[in-house]
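Work through the exercises below with the sequence and the 3D view open. Try each task before reading its solution.

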Amino acid sequence: MRSYQVELQETGEFIDAMWATPCGRVIFTPDNWVAFNLEGSNRTPAETEDDHMTLLNTLVAYIGRYRIEKNQWITTVETAWAPQWVGTEQRRTVTVGDEFARVITPWRKMPNWGGGKMSRSIIRFRRAH
């Protein structure tokens with residue numbers, strides 16, 4: 001992952017929800033499984049309850065079966081960092097270039113940020129070789 005930005009629908013504001021240098025991977029298997037793990041930058045082990053909340057708010061992870069429809073990948077989530085995602089379909093619009101892919105989520109309320117307001121994530125990945 002090269003960048004992760006969140007756009008707030010109400011204001012058009014962009015926030016670095018995963019801080020300046022997030023890391024993560026999305027892995028697709030030939031038998032239609034996807035593993036998605038994204039983490040905020042500079043995470044350290046939790047020592048307090050607030051630290052635990054910060055760690056949770058700087059993580060997005062899920063696994064499930066995927067399918068492709070036109071320029072979208074749709075995952076039926078089987079396990080996730082946020083239990084409310086289990087059993088849902090997560091739809092992502094993808095634009096692929098030579099070296100990078102741009103992934104955009106639909107507008108939704110994320111459990112991690114946005115204070116319950118509608119937001120969407122814009123993620124940039126570099127292809128692994």
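**Exercise 1.** Does R120 count as buried, partly exposed or exposed, and at what relative accessibility?

*Solution.* The model is predicted. Start with the value: R120 has 24% relative accessibility. Next, apply the cut-offs: buried means under 20%, exposed means over 50%, and partly exposed lies in between. R120 therefore counts as partly exposed.

**Exercise 2.** Find the salt bridge that joins R120 and E7, and place both residues in the chain.

*Solution.* The two side chains meet at 2.9 Å, N to O. R120 sits in strand 10 (residues 118-126), and E7 sits in strand 1 (residues 3-8). They are 113 residues apart, so the pair links distant parts of the chain. Now classify E7: at 12% relative accessibility, E7 counts as buried. A search of the whole structure gives six salt bridges.

**Exercise 3.** Which residues share a salt-bridge network with E69?

*Solution.* Begin with the pair E69 and R91, whose side chains meet at 3.4 Å, N to O. E69 is in strand 5 (residues 59-69) and R91 is in strand 7, 22 residues apart. Shared partners join R67, E69, E89 and R91 into one network. Check accessibility: E69 is partly exposed at 34%, and R91 is partly exposed at 29%.

**Exercise 4.** Trace the pairing of strand 7 with strands 6 and 8.

*Solution.* Strand 6 (residues 72-80) pairs with strand 7 (residues 89-96) in the antiparallel sense, over five bridges. W73 has R92 as its bridge partner. Strand 7 also pairs with strand 8 (residues 100-104), antiparallel, over four bridges. Here V94 has V103 as its bridge partner. A hairpin of three residues joins strand 7 to strand 8.

Conventions:
Residues are numbered from 1 along each chain as its sequence is written. This is a predicted model: local features need pLDDT of at least 70, side-chain atom pairs count only at pLDDT 80 or more; totals for chains, interfaces and linings use all residues. Side-chain values use heavy atoms; hydrogens and water are left out. Two strands pair if DSSP finds at least two bridges between them. Helices (H or I, at least four residues) and strands (E, at least two) are DSSP runs, numbered from the N terminus. A salt bridge is a side-chain nitrogen of Lys or Arg within 4 Å of a carboxyl oxygen of Asp or Glu. Buried means under 20% relative accessible area, exposed over 50%, partly exposed in between (1.4 Å probe, protein chains only).
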